[in-house]
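User: I would like a close look at a single part of this assembly, with its surroundings described carefully enough that I can follow along in the coordinates.

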Amino acid sequence: MKPRSAVSIYGWGSYIPPYRLTVAEISRVWGRDPVQYEEELNVKEKAVAGPDEDSATMAVEAGRNALNRSGISPKEIGALYVGTESPPYAVKPTATTVAEALGVGPFSVAADLEFACKAGTEGLQASIALVASGMIRYGMAIGSDTAQGGPGDHLEYTAASGATAIIVGPGSKEAAATLEGSISFVSDTPDFWRRYGARYPSHGEGFTGEPAYFKHVEGATRALMEELGLKPSDFDYVVFHQPNGRFPLTAARDLGFSPSALKAGLLSPVIGNTYAAASITGFSAVLDVARAGQRILVTSFGSGAGSDSFSFVVEEGIEARRDKAKRVMDYLSRRVEIDYALYLKFRGGIRLGGGAK
Amino acid sequence: MTDNPVVAGTGLTKIGRRWEDSLSDLFAEASRQAIEEAGIQPQAVFVGNMVAGELDGQEHLGLALEDGAGVFPLVPAFKVESACSSGGSALFAGYMAVKSGVYDSVLVAGVEKLSEEPSDNVTSALAEAADADFESYYGASFTSLNALLMRSYMKEYNVPRDWLSEIAVLMHKNAVDNPYAQLRKPITVDDVNRSRVIADPIRLLDCSPTGDGAAAILLARPELVKGDVQVELAGMGVGVDTIAVNGRSSLSDVPATAKAARVAFSAAGVDVNDLNLIEVHDAFTIMAALALEDLGVVSKGEGAKFFHEGNAERDGKLPVNPEGGLKARGHPVGATGVYAAVEVVRQIQGKAGKMQVPRAEIGAFHNLGGSGSHAVVGVFKRKR
Amino acid sequence: MTVPRYWRNIGAYYRLEGIKCKNCGSLTFPPRNSCPKCHSKDVETVQLPRRGRIVSFSLLRSPPKGFEAYVPYYVVVVELENGVRVFGTLTDVFGEVKEGMEVEAVFRKISEDGEEGLIHYGTKFRPVARGC
């Protein structure tokens, strides 16, 4: 898909909470060999949101960072999408809380989107379209999650918390990067789901691999490259959805991308899987370092299932914007290790009574 | 305008966990003592109370209490509330009522029950003295707001922790002799310093306890009060400041107290040096130190030192809280101001028993609401 | 906290909005109907700076209802860059807290009205990490 008029990224920003729970610590509690997870998944630890954080609060900080880089007033934002599978409310949009906190609105499109780990890039597709159509000038897409896995379950080792916001607007060299094209590829593939009322998700273990992640990530990426007439060597950076530290490496190899192109945008080994924020936080880390003229591929994956794939070319305008907000590395370097008990306390694994009047 | 009101009678109840007594029962106990001593009936009643609405679901409290008690014929009844200075404010209302000539005799009662709900609920109710939307909303406990003042004070004036602990020790020592007191066991500086932290630097033994109690004073026109000793409510003043701590000009003094004292002393025609004893609002040890400074007993930063040097003892330069203060006598919040007033009156009457200070002609009491927002000061004088 | 009361305070809670008096120029937080200095009704909403320094603090260990999950936490008075003082709490404290420390405003969850009621959000303060 190519927008009728050019669309560029004006601002990007992330938020990763400071707490880290190591795979070794989770293994200790559940009597597993940490090597099983550390090696097999290539994940050492995950980021955990604190007790006063949720998908809304993280989205706000990421959004603020993006606004600072964009240099635009929040009143100029015409759409705000929050992609999440852990919204604070089942019914009450996170997007309006985030909009109020950032000063966006009242005249703005706003909604929460759900498509597992690709809800963030869903919002990006929608924002791009609204900008390209001329209906809005700037749009903000946020992916934010405080992901949970069942106690002792395979997913618990990687389900993590984080957020990233991307602001798009009319194509310009003064922006950070310009979109060349995007594609979305979906099917009803039940690899991971959560029914209403269920506290933790269910997943298909091995089924989440070939028929799910790889089919959609590789399918979308190949289709995009074909439409744009590009090959893997045309890209300086590639970012894939990163449920662990292995799948992206395998996808890169399958598609013909070199591991070095993957490096800057592969964060799951040290923060786990931030779900709707995962691929776009990797993208954010790339934008923190990319130079004008470089080309970036981003392909997300959301269970249930689908992928969005984008190709961006970095503009000169990125230099002036980069230092206007905290970088992903700044959040990564703020690291406070917690134990399993604190993790349970923080993430509601221990039910507390009461509540404010 | 008439002469200053005179105290016709007083009443006190023992402070503690009064399981068998309702708010009305406590009110009845204190008011009956005051009325029987006075030999006259009140024409109106002013009740100081802070949280009966919140914890007991009873607003319309003035009427609820006098009706529930049945000690005297029903008269106009008003609840007066200004957080922890509700008692002092109720007394101020009574003072105005008699001094203005509108009423010949009024009963002022402070009544509060804090022991029946889980402590969390009580803490939340008492936090309503703070700014609900911008202090309590964010998780401030009342103690933590006072802790900000304690930290600022200790840092600004280099006051050792022990000096503040010594205040609590003196209060407990004094309350050993007080049959109405909630806490009557002596404590040591070490006990205070090792007690658990509530909100640093305030520890458990820096804080007054919560309990149930009622105190009453019957004020009347002088010609209605017989007897050899007449104690006059010679002057009262109220001073205020912002409700929330962020609006204060300083975090290490309480200008509201200074303002209240100026008005009270001026009305009473006295100077702080004329006082023979003083009751200060030691809800936390820091507040006792600040009170002495803001009342003008000592200059800024010297409050804790005054206690440390033994000047506050019953036989000291200026006895402070000879009955044990809020810390040991107790702090049934809305009643406290009336307790303090009654204690001054009984000292002047020579009825303080083992707690009697050597000289008691002129005494003052101080009652503070919020973290420094609403101060009431009253001066009692022996008239004859 | 009733729903309308929370809703009325959203500007102050979420965006640290105060008022500026058009008559005397004073800045006040929290916002009010009239200027507390000159009492003029001619006031406008302003967003306050998001950085400041700690004036005083206390580590609270005995919480009011609803705040048990956060204990222990610091209550603080912060003087913002433009001189306006606000009361608040700290979050993400991983070292010593001192008077004069630089802090930045962050949007966080304050409390919840039980499991079915509203989630209350607001502004907390976070120590500024060096180099940020």
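**Chain C and its partners**

Which residues does chain C bring to its contact with chain B, and what do its contact with chain A and the nonpolar core look like?

Analyst: This is a predicted model, and for chain C the mean pLDDT is 95, with 98% of its residues reaching 70 or more. The model as a whole scores ipTM 0.96 and pTM 0.94.

Turning to the contact with chain B, 28 residues of chain C are in contact with 29 residues of chain B. On the side of chain C that touches chain B, at least two residues each come from strand S4 (51-60), strand S5 (73-80) and strand S6 (85-89) of chain C, and among the contributors S4(C) gives the most, with six residues. By residue class, this side of chain C divides into 17 nonpolar, seven polar and four charged residues.

The contact between chain A and chain C takes 27 residues from chain C and 24 residues from chain A. Here the side of chain A that touches chain C receives at least two residues from each of helix H3 (55-70) and helix H4 (94-102) of chain A, and H3(A) has the largest share, four residues. The residues on this side of chain A divide into nine nonpolar, six polar and nine charged.

Beyond these pairwise contacts, there is the nonpolar core to consider. The largest nonpolar core has 280 residues, and those with the most contacts inside it are Val98(A), Val108(B), Ala109(B), Ala216(B), Ile217(B), Leu219(B) and Val338(B). This core draws at least three residues from domain 1 (1-48) of chain C and at least three from domain 2 (49-132) of chain C. Val98(A), one of the residues with the most contacts inside the core, touches Ala56(A), Ala59(A), Val60(A), Gly63(A), Leu80(A), Val82(A) and Ile142(A), when residues up to four places away in sequence are not counted.

As for chain A itself, it has 13 helices and 14 strands, and its C-alpha atoms fill a box of roughly 55 × 55 × 35 Å along the principal axes. The radius of gyration of chain A is 19 Å, which agrees with the value near 21 Å that a compact globule would have with 357 residues. Of the 357 residues of chain A, 57% count as buried, and among its contacts with a separation of 6 or more, 79% are accounted for by residues 24 or more positions apart.

Technical notes:
Residues numbered from 1 in each chain as written. Chains lettered and ligands numbered in written order. Predicted model: local features only at pLDDT ≥ 70, side-chain atom pairs only at ≥ 80, totals over all residues. pLDDT = per-residue confidence, 0-100. Contact = placed C-beta atoms within 7 Å. Nonpolar A, V, L, I, M, F, W, Y, C, P; charged D, E, K, R; others polar. Rg over C-alpha atoms; globule rule 2.2 N^0.38 Å. Buried ≥ 20, exposed ≤ 12 C-beta atoms within 10 Å, placed from the backbone. Core = buried A, V, L, I, M, F, W, Y, C linked by C-beta atoms within 7 Å. Domains from an automatic or database assignment.
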